[in-house]
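Me: I'd like a close look at one strand and what surrounds it. Pick a residue with something odd about its backbone, and work outwards from there.

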Amino acid sequence: MHGQIVKFHERLGFGVIHADNGERFRFSKSQVKNPNGKLVGYTVDFLVDTRSPRDIFLMQGTPWTAFGGVHG
């Protein structure tokens with residue numbers, strides 16, 4: 001699913017993604033696979049599991065910078 005991070009509270013470590021289909025999802029910073037400083041405003045790609053987003057990737061730079069540096 002695709003969306004955009006519209007809110008993030010650094011001290012609490014939680015934010016909100018507004019998905020392209022109009023739904024909103026709350027997420028924790030630990031769910032972001034390639035964090036890069038400020039999160040608000042980034043377009044993201046993510047999976048949804050039981051109404052919770054997971055495997056959130058910031059869609060920035062090239063595919064290599066978004067996905068290449070991820071190690072399991």
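**An edge strand and its neighbours**

Reply: Asp55 lies in strand β5, a strand here being a DSSP run of E with at least two residues, numbered from the N terminus. Keep in mind that this is a predicted model, where local features need pLDDT of at least 70, side-chain atom pairs count only at pLDDT 80 or more, and totals for chains, interfaces and linings use all residues. Residues are numbered from 1 along each chain as its sequence is written, and side-chain values use heavy atoms, with hydrogens and water left out.

So what's odd about Asp55? Its phi is positive, about 50°, although Asp55 is not a glycine. Most residues other than glycine have a negative phi. Asp55 is partly exposed, at a relative accessible area of 26%; on this scale buried is under 20%, exposed is over 50% and partly exposed is in between, using a 1.4 Å probe and protein chains only.

Thr50 has a positive phi too, near 55°, and isn't a glycine either. Thr50 sits in the loop between β4 (43–49) and β5 (52–58), and with a relative accessible area of 71% it is exposed.

Now zoom out to the sheet. It's an open one of 5 strands, ordered β3-β2-β1-β4-β5, with antiparallel pairing; two strands count as paired if DSSP finds at least two bridges between them. β3 and β5 are at the edges with a single partner strand each, so each has one side without a neighbour in the sheet. From one strand to the next the twist averages 45°, taken between axes fitted as lines to C-alpha atoms, with angles from 0 to 180 degrees between N-to-C directions.

Moving inwards, β4 is joined to β1 by 3 bridges, and the two run antiparallel. Gly3 is the residue opposite Val44 in β4. Val44 has plenty of company: leaving out residues up to four places away in sequence, it touches partners including Met1, Gln4, Ile17, Ile56 and Leu58, where a contact means heavy atoms within 4.5 Å.

Val44 and Ile56 also belong to the largest nonpolar core, which has 12 residues, among them Ile5, Ile17, Phe46 and Leu58. Such a core is a set of buried Ala, Val, Leu, Ile, Met, Phe, Trp, Tyr and Cys residues joined through side-chain atoms within 4.5 Å. β1 (2–9), β2 (14–19), β3 (24–28), β4 and β5 each give two or more residues to it.

Further across, 6 bridges hold β1 and β2 together, running antiparallel, with Ile5 opposite Ile17 in β2. In their hairpin, which has 4 residues between the strands, Gly13 has a positive phi near 80°. β2 itself has two faces: Gly15, Ile17 and Ala19 are on the covered one, and Phe14, Val16 and His18 on the uncovered one. In a regular strand the side chains alternate between the two faces of the sheet.

At the other edge, β2 and β3 run antiparallel and share 5 bridges, with Val16 partnered by Arg26 in β3.
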